[in-house]
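Biologist: Could you take me through the rings and pockets of this protein? I would like to hear the reasoning behind each label.

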Amino acid sequence: MNNNQLTWQHVYGLEPVPQGTPREREKQVLGCQANIWTEYIPNLPKWEYHVFPRALALAEVAWTPQELKNEKDFRKRLDRQLPFLDARGVNYKRPDNGAPAQPEAVITRERR
């Protein structure tokens, strides 16, 4: 799956403890991480576009027990967070259509 296909929904659906993990080994899973290869990201607006809102979904995955996760509820809470990101000028990937939140932001490779 390439980066453009990795939506917040994919991230929200992740389970940190792989299925089939023996009960006694589950406690060895200490958390989650999200790697982003910045050598392919030329500037902050492009980085923000790749990170948000996926980082919000990953936080939910990391902190919420599987039995309490609720994607519909998360989406409502995500929609309430978007004005917070907008107020700070974050160029997140819009959850409804994938467009950049800050279309005027330069997100292509810059010439040096």
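**Rings and pockets, step by step**

Modeller: Happy to! There are 3 aromatic pairs in the structure, which is a predicted model.

Biologist: What makes Trp8 and Phe74 a pair, and why is the pair called tilted?

Modeller: Ring centres must lie within 6.5 Å to pair, and those of Trp8 and Phe74 are 5.4 Å apart, so they pair. Planes under 30 degrees apart would be stacked and planes over 60 edge-to-face; here the angle is 45 degrees, so the pair is tilted.

Biologist: Why do you say that this pair ties together separate parts of the sequence?

Modeller: Trp8 belongs to helix H1 (residues 8-12) and Phe74 to helix H5 (residues 71-87), so the contact links parts that are 66 residues apart in sequence.

Biologist: Are Trp8 and Phe74 buried or exposed?

Modeller: Both Trp8 and Phe74 are buried, a label that calls for under 20% relative accessible area.

Biologist: Which residues make up the aromatic cluster?

Modeller: Trp8, Tyr12 and Phe74 form one cluster.

Biologist: How do you know that the charged end of Lys69 sits over the ring of Tyr12?

Modeller: The NZ of a Lys has to be within 6 Å of the ring centre and within 35 degrees of the ring normal. The charged end of Lys69 is 4.8 Å from the centre of the Tyr12 ring, so the distance condition is met. The pair is listed as sitting over the ring, so the angle condition holds as well.

Biologist: Now the pockets. How much space lies in the largest pocket, and which residues are the closest to its centre?

Modeller: The largest pocket holds about 580 Å³ of space. It is lined by 23 residues, and Leu6, Ala34, Asn35, Ile36 and Arg54 are the closest to its centre. Helix H4 (54-63) gives the most to this lining, with 5 residues.

Biologist: What classes of residue line the largest pocket?

Modeller: The lining has 16 nonpolar, 4 polar and 3 charged residues. Leu, Ala and Ile count as nonpolar and Arg as charged, so Leu6, Ala34 and Ile36 fall in the nonpolar class and Arg54 in the charged class.

Biologist: And what is the volume of the second largest pocket?

Modeller: About 300 Å³. Of its 21 lining residues, Glu15, Pro16, Val17, Pro65 and Gln66 are the closest to the centre. H4 again provides the largest share of the lining, here 3 residues. By class, this lining has 11 nonpolar, 6 polar and 4 charged residues.

Technical notes:
Residues numbered from 1 in each chain as written. Predicted model: local features only at pLDDT ≥ 70, side-chain atom pairs only at ≥ 80, totals over all residues. Heavy atoms only, no water. Phe/Tyr/Trp six-rings, centres within 6.5 Å; stacked < 30°, edge-to-face > 60°. Helix = DSSP H or I, 4+ residues; strand = E, 2+ residues; numbered from the N terminus. Buried < 20%, exposed > 50% of the residue type's maximum accessible area, 1.4 Å probe, protein only. 1 Å grid on protein atoms, 1.4 Å probe; cavity = no way out; pocket = protein on both sides within 12 Å on 5 of 7 lines; lining within 4 Å. Points joined across faces, edges and corners; volume = space filled by probe spheres on them.
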